[in-house]
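Please open the structure in your viewer and keep the selection tool ready. Each stop on this tour tells you what to select and what is there.

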Amino acid sequence: MANRDIVAIGTSAGGVEALIFLAKNLPATFPASILVTLHLPAHTRSVLDELLSRAGALPASFAADGEVLRKGRIYLAPAGSHLIVHGERLALGNGPRENNARPSIDPMFRSAALCCGSRTIGIVLTGTLGDGASGLWAVKQAGGITLVQDPHEAAFPEMPQTALSYVEPDHIVSLAELPQLLVKLTQQPAGEPRPIPDRLKYEIEVAKGGQSDMRNMDRIGQRSVLTCPDCDGVMWEIDEGELTRFRCHQGHAYSAEVMGIAVEESVRRALGSGLRALEERIALIGKLRREAEQRDSVLIARNWAHKARELEAEANTIRNSLRRIDQITEREEAPERLTATG
């Protein structure tokens with residue numbers, strides 16, 4: 001029986017420091033391939049591969065499409081592509097964003113679950129929001145080992161906390177304990193394979209860039225009253241144990257938490273567009289009022305002035321709503337800022 005030789009790590013905020021520590025403390029003889037998805041901006045060049053290679057004995061590189069997996073190496077998801085493991089090779093997916101991210105952690109975890117089952121060790125480290133929880137659930141369903149960083153010592157606890165809310169991991173571990181535990185786990189034989197949900201194959205193909213369609217979505221989920229924040233298409237609710245997530249027929253996917261944030265941002269954009277339209281209308285009415293005054297059309301000028309006051313009241317209502325949204329957002333982000341600054 002094969003050992004556990006696939007280690008899949010998902011992280012975001014605070015992840016660079018965590019990954020450097022891990023790379024520094026893993027031996028050159030580490031008997032597994034390490035796959036890493038860290039949320040990276042597409043518009044800047046990352047030197048994470050160089051940082052990790054310098055930090056420890058394991059070479060690190062951004063994954064290439066079709067690359068053969070080798071043990072004792074760290075493979076990083078490049079900006080703008082989902083990292084997919086398929087058999088003994090890696091694939092880069094250009095499918096839609098998941099949880100507003102590409103690369104996203106969930107597709108990597110799901111592909112490892114489908115490909116490698118009980119040979120997989122899935123790990124959620126420091127980060128914000130909930131990317132990784134659904135994929136970690138898939139790893140556990142496939143018989144893999146699941147690890148979550150202790151939120152109390154994570155630089156950003158939200159991602160580990162979300163994973164713990166939906167997945168009962170095999171280990172809750174501090175970063176300091178993680179290297180030794182990984183060495184131990186990779187020396188153990190993998191468990192027996194388990195049946196894999198059919199929808200994993202479909203969702204991984206979508207992450208690769210394959211065509212999504214309504215027929216398959218009806219098969220894996222139930223239609224939702226919500227619309228997709230990315231494309232305004234129909235969304236489906238997908239239940240995974242205690243976890244509910246959303247996916248549209250174009251392939252965009254959201255956890256419930258990230259969906260809430262995306263809907264809030266849609267509301268903000270809609271209010272902003274409405275405010276801009278009102279301000280333009282008020283400016284036009286002001287011009288019409290001044291022209292009426294120049295023609296000594298007192299009654300018309302008075303009507304335009306009255307209309308302008310009505311529209312200004314409506315604009316102030318929207319401005320107050322936008323301020324209220326900003327205040328709520330600032331309160332929600334305050335604990336995260338405190339965590340970041342210690």
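Begin by selecting helix H2 (residues 48-55), which lies across strand S2 (33-38), S3 and S4 and runs at about 170 degrees to S3. Helices (H or I, at least four residues) and strands (E, at least two) are DSSP runs numbered from the N terminus, while angles run from 0 to 180 degrees between N-to-C directions, along axes fitted to C-alpha atoms, for helices over the stretch in contact. This is a predicted model, in which local features need pLDDT of at least 70 and side-chain atom pairs count only at pLDDT 80 or more, whereas totals for chains, interfaces and linings use all residues. Residues are numbered from 1 along each chain as its sequence is written, and side-chain values use heavy atoms, with hydrogens and water left out.

Next, select the strands of the open sheet, where seven strands follow the order S3-S4-S2-S1-S7-S8-S9 with parallel pairing (two strands pair if DSSP finds at least two bridges between them). Strand S3 (60-62) and strand S9 (171-173) stand at the edges, each with a single partner strand, so one side of each has no neighbour in the sheet. At the S3 edge, three bridges join S3 to strand S4 (residues 74-76), and Phe62 stands opposite Leu76 in S4.

Now select H5, which packs on the sheet and touches strand S1 (6-11), strand S7 (120-124), strand S8 (145-149) and S9 (contact means heavy atoms within 4.5 Å).

Finally, add helix H4 (residues 133-141), which packs with helix H5 (residues 158-166) at an angle of about 45 degrees, their axes 9 Å apart. Here the contact is made by Ala133, Leu136 and Trp137 of H4 together with Thr162, Ala163 and Tyr166 of H5.
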